[in-house]
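Trainee: Before we go through this model together, could you tell me what kind of evidence it rests on, and then take my questions one at a time?

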There are 2 protein chains.
Amino acid sequence: MPGIFDVTGLVAAFLTTMAFLPQVIQTWRSRSTADLNLGMLLALSTGVALWFVYGLGTGQVPVILANGATLMLVMVLLTLKLRDRFARAA
Amino acid sequence: MPGIFDVTGLVAAFLTTMAFLPQVIQTWRSRSTADLNLGMLLALSTGVALWFVYGLGTGQVPVILANGATLMLVMVLLTLKLRDRFARAA
């Protein structure tokens, strides 16, 4: 029987992973990224990628799955932000 | 001597925590939050708060510190987003 804190960790992992889904949907539709900070997206994608490597290295499947999903979502945001920035620069 | 994955985890924790600082600075200055998704901010603050509780419950100081700092930063973004939304509705 999982303890209360196991459940807390699972719900926390689910929320902090899925949190980026509504942001990706909004940004995908609007293509407007002005209010999204490039520095945040770069640091977040690098940090999440390192958490993914950490999960692989320590064999923690929940860390691998949560950060793998988050990484894909954040990379979509980073791509949309860079495209928006280059389109404005052109 | 900390292992390579201990260092990886520490750098990942630092990056995913500090990532929100440039976003808070930009949003604080611009007061423009239209491109920030309210659903993301609500899910992220709830999830990070649960990670904070998880850290307290399991006695993991790095989890407590990283998520405590992230929670404060995300709460600033959430407050700015809600103020922006109510100001527009008024």
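Trainee: What is the handedness of the crossing of α2(A) and α4(A)?

Mentor: Bear in mind that this is a predicted model. The axes of helix α2 (residues 20-30) of chain A and α4(A) come within 10 Å and cross at roughly 25 degrees, which makes α2(A) roughly parallel to α4(A). The crossing of this pair, α2(A) with α4(A), is left-handed.

Trainee: How many nonpolar, polar and charged residues are in the contact of α2(A) with α4(A)?

Mentor: On the α2(A) side the contact is made by Phe20(A), Leu21(A), Gln23(A), Val24(A), Thr27(A) and Trp28(A), and these meet a set in α4(A) that includes Thr70(A), Leu73(A) and Leu80(A). Sorted by class, the contact of α2(A) with α4(A) comes to 9 nonpolar, 3 polar and no charged residues.

Trainee: Turning to chain B, are α2(B) and α4(B) roughly parallel or roughly antiparallel to each other?

Mentor: The axes of helix α2 (residues 20-30) of chain B and α4(B) approach within 10 Å, with a crossing angle of roughly 25 degrees. An angle under 35 degrees counts as roughly parallel, and therefore α2(B) and α4(B) are described as roughly parallel.

Trainee: And how are α3(B) and α4(B) oriented to each other, roughly parallel or roughly antiparallel?

Mentor: Helix α3 (residues 38-58) of chain B packs against helix α4 (residues 61-89) of chain B at an angle of about 155 degrees, and their axes are 9 Å apart. The contact of α3(B) with α4(B) is made up of 18 nonpolar, 5 polar and 2 charged residues, and α3(B) passes α4(B) in a left-handed crossing. Since angles over 145 degrees are classed that way, α3(B) and α4(B) are therefore roughly antiparallel.

Trainee: Which residues of chain A lose the most area to chain B?

Mentor: The two chains meet through 32 residues of chain A and 32 residues of chain B, and they bury about 2,900 Å² between them, 70% of it on carbon and sulfur atoms. Three residues of chain A, which together account for 22% of what that side buries, lose the most area to chain B: Phe5(A), Asp35(A) and Met40(A).

Trainee: How many salt bridges does the rule find across the interface of chain A and chain B?

Mentor: Side chains of opposite charge can pair when their charged atoms come close. The structure holds 2 salt bridges over all chains, but across the interface of chain A and chain B the number found is 0.

Trainee: Which residue does Arg88(A) meet in a salt bridge?

Mentor: The partner lies in the same helix, α4 (residues 61-89) of chain A, and because the two residues are 4 apart there, about one helical turn separates Arg88(A) from Asp84(A). Their side chains come to 3.3 Å, N to O, and the residue that Arg88(A) meets is Asp84(A).

Conventions:
Residues are numbered from 1 along each chain as its sequence is written. Chains are lettered from A and ligands numbered from 1 in the order in which they are written. This is a predicted model: local features need pLDDT of at least 70, side-chain atom pairs count only at pLDDT 80 or more; totals for chains, interfaces and linings use all residues. Side-chain values use heavy atoms; hydrogens and water are left out. Axes are lines fitted to C-alpha atoms, for helices over the stretch in contact, and angles run from 0 to 180 degrees between N-to-C directions. Angles under 35 degrees count as roughly parallel, over 145 as roughly antiparallel, 65 to 115 as roughly perpendicular and the rest as oblique. A crossing is left-handed if the near helix is turned anticlockwise from the far one by less than a right angle, and right-handed if clockwise. Ala, Val, Leu, Ile, Met, Phe, Trp, Tyr, Cys and Pro count as nonpolar, Asp, Glu, Lys and Arg as charged, and the others, Gly among them, as polar. Contact means heavy atoms within 4.5 Å. Buried area is the accessible area (1.4 Å probe) that two parts lose on being put together, summed over both. A salt bridge is a side-chain nitrogen of Lys or Arg within 4 Å of a carboxyl oxygen of Asp or Glu.
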